[in-house]
Amino acid sequence: DSSMSTLKTGALRGTSGTADSIQLHASNQSVTFPGDVTVSGTATGFSKGITQIVQTTYDQTTSNSTATETLWDLSGTIKRDITTTSNSSKVLVFMNISLGIEEDVGSDVAVQLTRQDGGSGSFDLIAGANGAAAGNRMRVHTMCNVGNDPNNTWRGSAATVCYLDAPGNAGTYSYSFKLGHSIGSTETLYINRTHDDTDAAWTQRGLTNIICAELQF
């Protein structure tokens with residue numbers, strides 16, 4: 001008979017089974033399995049969650065003499081590439097940036113999140129990941145206070161980035177950052193060290209890292 005038939009049942013059980021293998025719930029259109037399920041072949045229509053996680057760590061030190069109203073581009077020093085597998089993928093970006101600043105000054109140090117598309121070209125500001133345009137104000141992701149300690153002006157700090165990006169197409173994307181400060185003169189910014197870098201147990205070396213996770217829903 002070529003006509004279609006409908007099988008209606010509340011549960012399915014194997015011929016030698018002692019418990020139902022699959023339970024069907026009509027009220028919420030869901031299916032319950034008794035345990036972990038292995039799928040052979042391609043499954044569609046499912047939320048996949050995190051499909052990959054990648055990380056870059058930078059444990060060396062670097063510095064830059066940075067003028068006020070400018071940004072120090074770190075894409076040549078630390079970046080993280082990720083190749084997404086779907087046009088609908090989102091990329092969750094985490095960064096921990098260990099910072100220092102020149103002796104005898106203290107400042108808000110700003111972090112601007114940047115992205116390079118396609119594995120080449122410039123690292124550009126991500127509009128949704130940084131502050132809104134407001135006159136001449138610098139658009140940044142976050143700010144942290146570095147060196148403002150009346151007893152020890154060369155102390156370090158850390159900036160944290162957390163952003164869910166939606167690049168829009170499957171492909172390779174690279175994430176990095178730029179740094180700026182609010183001092184009205186040219187000052188030296190440091191990565192992974194403070195201004196006083198004496199070889200002693202009371203000075204520190206930090207770590208800067210970027211983690212990218214691809215999410216599919």
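Let's start with Leu 99. Leaving aside neighbours within four places in sequence, Leu 99 is in contact (heavy atoms within 4.5 Å) with Val 109, Cys 144, Val 146, Gly 156, Ser 157, Ala 159, Leu 179, Tyr 190, Ile 191 and Arg 193. Before I go on, the housekeeping: this is a predicted model, where local features need pLDDT of at least 70 and side-chain atom pairs count only at pLDDT 80 or more, while totals for chains, interfaces and linings use all residues. Residues are numbered from 1 along each chain as its sequence is written, and side-chain values use heavy atoms, with hydrogens and water left out.

So where does Leu 99 belong? Leu 99 is among the residues with the most contacts inside the largest nonpolar core, together with Met 95, Tyr 175, Phe 177, Leu 179 and Ile 191. That core has 31 residues. By nonpolar core I mean a set of buried Ala, Val, Leu, Ile, Met, Phe, Trp, Tyr and Cys residues joined through side-chain atoms within 4.5 Å. Buried, in turn, is under 20% relative accessible area, exposed is over 50%, and partly exposed is in between, with a 1.4 Å probe and protein chains only. Elements giving two or more residues to the core include strand E4 (49–58), strand E8 (90–101), strand E12 (157–165) and strand E15 (208–216). Which one gives the most? That's E8, with six residues.

Okay, zooming out. The chain has zero helices and 15 strands; these are DSSP runs numbered from the N terminus, helices being H or I with at least four residues and strands E with at least two. Of the 217 residues, 33% are buried. Take the contacts between residues at least 6 apart in sequence: 75% of them join residues at least 24 apart. The accessible surface is about 12700 Å², and carbon and sulfur atoms account for 47% of that; the areas come from Shrake-Rupley with a 1.4 Å probe, and for residues only the protein chains shown count as cover.

Now the strand pairing, where I count two strands as paired if DSSP finds at least two bridges between them. Look at E13 (172–181). Nine of its 10 residues are buried, so E13 is largely enclosed by the rest of the structure. E9 and E13 pair antiparallel over nine bridges, with Ala 110 bridging to Gly 180 and Arg 115 standing opposite Tyr 175. E13 also pairs antiparallel with strand E7 (residues 80–83) over four bridges, where Thr 83 partners Thr 172. Then two bridges join E13 to strand E6 (residues 72–73), again antiparallel, and there Trp 72 stands opposite Leu 179.

E9 (107–117) is mostly covered too, with nine of its 11 residues buried. On top of E13, E9 pairs with E11 in the antiparallel sense over five bridges, and Ser 107 sits opposite Val 146 there. Two bridges also join E9 to strand E10 (residues 124–125), running antiparallel, with Arg 115 opposite Asp 124. That hairpin has six residues between the strands, and in it Gly 118 takes a positive phi near 80°.

A loop residue I'd point at next: Asn 130, between E10 and E11. Is Asn 130 buried or exposed? Buried, with a relative accessible area of 9%. A polar atom of its side chain lies 3.0 Å from the backbone nitrogen of His 141. For polar contacts, I use N or O pairs within 3.5 Å; within protein, one must be able to donate a hydrogen and the other to accept it, and residues adjacent in sequence count only if both atoms are side-chain atoms. Beyond four places in sequence, Asn 130 touches residues including Val 111, Leu 113, Leu 125 and Arg 139.

There's another one in the loop between E14 and E15, Thr 194. Thr 194 is buried at 8% relative accessibility, and its side chain reaches the backbone oxygen of Asp 196 at 3.0 Å.

Then Leu 164, over in strand E12. Leu 164 is partly exposed at 39%. Its C-alpha atom is 4.4 Å from that of Leu 92, although the two are 72 residues apart along the chain.

Last, cysteines. How many disulfides are there? Zero, taking a disulfide as a pair of cysteine sulfur atoms within 2.5 Å. Cys 144 is buried at 11%, whereas Cys 162 is partly exposed at 46%.
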